[in-house]
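Please look at the sequence and the three-dimensional model shown below. The paragraphs that follow lead through it step by step, beginning with a single residue and moving on to whole chains and their contacts.

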Amino acid sequence: MIWQLDLSILTLIVICAFATIMVKDLLSAAIIFGAYSFLMCLLWTEMGAVDVAFTEASVGAGVSTVLFIAAIHQTTRRVGFRKSGRGLSKAIGLVAALLTGLVLLIAETDFPGFASPFSPASLHLSPYYITQTLHDTNVPNIVTSVLADYRGFDTMFETAVIFTAGLAVIAILRRYKKDDQCELPEPYIISEGYPDTIIRFVARQLVPFMQLFALYVVAHGHHSPGGGFQGGVIIGASFILLAISYDTRMIIGLMSEKTNILLGNIGVLIYAGIGFLCLLLGANFLDYSMLSKVLPATDKVMARSHGMLGIEIGVAIAVMAIVISIYINIVSCGKYDKDV
Amino acid sequence: MDIIVILLSVSGLVFFFATTVGILRFPDFYSRMHAAGKGDTLSSLIMLLALVLYNFHDFNLANLLVALKILLIVVFIFMASPTATHAIIDAGYESGIQPWTKKPEEES
Amino acid sequence: MDSFFIGIGVVLCFLMLLTLHRAIHGPTAIDRIMGVNVVGTKTTILLVIIGTIYHRVDMFVDIALAYALLNFIVTIAASRYFHLHKNLNPKGYGYRFRKEDK
């Protein structure tokens, strides 16, 4: 904990937050919100939480800003401004915010000190994970082992929530009128969007390496910061880069709506399927040590490591498909025909 | 070895400072993009080079791999940052921003 | 050497503050996109510097690479918007509270 850097980054974050609210142009507010996300990731890295910083960088600063800009593209850039009753509503809002802040400050004095070694979490819970993880599961990254093995049930429901979010966007936005649909072209036809050769060339060269890096992040999540969520979002972001530099119809040709929903399903199915397989083999749900009966030449400890890799792959597939599906739905307003 | 690291870091910081002054003080959008695109890339190269050299205090295989990864970041910034600059300037030109011209002096 | 790197980190944060002034106060929206691009590049370098201060650079280099990737994607997406809606500074926008339509 470096207090000098802490203070400077927190000042920048407060300035960014004020600017996001006070700028009256919605596109600029979305972009400054992207800068706010960048700085939050920096703060979490400085506190030592690298997995959280990775997820915030990929989801908050990357995909979330692009989705905001796509949504503003469909609607308007103008902030609505009510002319009547402004003074009273502002006063009530100010009083409510101040009261909430005061209550939180009073409750905060009851907490144990920041990172003190005598808090209940540090006394009873953390020493067990720190000493037992390498012995139980042979995985050095404690965060990944807690997420995927000791608390694997929660992660399964998180993946299901991501899939539900994709379904919700389809339910709200998708339109199926017959006369709206046009024929989708075959893939790899270079359409006449805005023909910018430089951006197309560089995007075409960079996308394979981005996907390779994302696969490295998924597979190496046991030893370095990473894991399933971050890798899946980076693959989705590489497809969004292709969609931006060419146009959306190319991505619809590559990953159609049916493929996206199918892959989202398969991701959650892999996760729940591995848990169910452990159930069939005679142990609890998501107890990977029983997988040593099925996998050849592994003992119980290595079977837990391989089980974690399996569910990370399932999470990555689901997240990638849902990110692409949400982007295409927002940008084409649910009609799947735009050459944006 | 430490002296080279300090020298490179300070010169990278000087270039960053020049970039920031350029962004604040130039009168026109196009000149500000010049400062941002070029100065940013060069400063990143010099500072990351300083960090690569600082890593070589003890010379073993793990440190070599980390140095290669940092050089990978440098290669990526060299490819991506000029493209992003080109994209922004193209968007500005298509939207119709006029370049700044020096106003003729008027006699009083 | 640790305090030297901490000093460099603080100076970088101060330079980020100056760039944010352009990002907030820039008269057109494209100036703001440029400001956020520069802030993103500075953040990448600050990540590797923090890794050097903690003596665990190998953990932080992966995050820095992913950061540079996403910075690039956000900049291209934002500038792509302007090809379709060529509307730099519509009437009545500013950043003070009381700007009405003229």
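The model is a predicted one. A convenient starting point is B:Ala18, which lies in helix α1 of chain B, the helix formed by residues 2-25. Is B:Ala18 exposed, partly exposed or buried? A residue counts as buried if 20 or more other C-beta atoms lie within 10 Å of its own, and as exposed if 12 or fewer do. B:Ala18 has 14 other C-beta atoms within 10 Å, and it is therefore partly exposed. A second residue to locate is B:Ala35, 17 residues away from B:Ala18 along the chain. The C-alpha atoms of B:Ala18 and B:Ala35 are separated by 8.3 Å.

From this residue one may turn to chain B as a whole. Its secondary structure consists of three helices and zero strands, and the pattern along the sequence reads α-α-α. What are the dimensions of this chain? Along its principal axes, the C-alpha trace of chain B spans about 70 × 30 × 10 Å. The radius of gyration of chain B is 19 Å, whereas a compact globule of 108 residues would have a value near 13 Å. Of the 108 residues in chain B, 34% are buried. If one takes the contacts in chain B with a separation of 6 or more, 66% of them are between residues 24 or more positions apart.

Chain C may be described in a similar manner. Three helices and zero strands are found in chain C, and the sequence again gives the pattern α-α-α. Chain C has 102 residues, of which 60% count as buried. Among its contacts between residues at least 6 apart in sequence, 45% join residues at least 24 apart.

The next subject is chain A, which is divided into domain 1, residues 1-79, and domain 2, residues 140-340. The centres of these two domains, taken over C-alpha atoms, are 24 Å apart. In the contact between them, domain 1 of chain A supplies 13 residues and domain 2 of chain A supplies 17 residues. On the domain 1 side, the touching residues comprise eight nonpolar, four polar and one charged.

Helix α5 of chain A, residues 120-137, deserves separate attention. How does the expected span of this helix agree with the distance between its ends? At 1.5 Å a residue, its 18 residues should span 26 Å, and the end C-alpha atoms are 25 Å apart, so the two values agree. The helix nevertheless has a bend of about 45° at A:Ser126, and a proline, A:Pro127, follows within four residues. After α5(A) comes A:Asn138, whose phi is positive, near 60°.

Finally, one may consider how the chains meet. Chain A and chain C are in contact through 50 residues from chain A and 45 residues from chain C. On the chain A side, the elements that give two or more residues are α1 (3-22), α2 (26-46), α3 (50-74), α8 (197-219) and α9 (228-245). Which of them provides the largest share? That element is α3(A), with 11 residues. By character, the residues on this side of chain A divide into 34 nonpolar, 12 polar and four charged. The contact between chain B and chain A involves five residues of chain B and five residues of chain A. On the chain B side, two of these residues are nonpolar, two are polar and one is charged.

Conventions. Residues are numbered from 1 along each chain as its sequence is written. Chains are lettered from A and ligands numbered from 1 in the order in which they are written. This is a predicted model: local features need pLDDT of at least 70, side-chain atom pairs count only at pLDDT 80 or more; totals for chains, interfaces and linings use all residues. The expected span of a helix is 1.5 Å times one less than its number of residues. The bend at a residue is the angle between axes fitted to the seven residues ending there and the seven starting there. Two residues are in contact if their C-beta atoms, placed from the backbone, lie within 7 Å. Ala, Val, Leu, Ile, Met, Phe, Trp, Tyr, Cys and Pro count as nonpolar, Asp, Glu, Lys and Arg as charged, and the others, Gly among them, as polar. Domain bounds come from an automatic or database domain assignment. The radius of gyration is taken over C-alpha atoms; the globule rule is 2.2 Å times the number of residues to the power 0.38.
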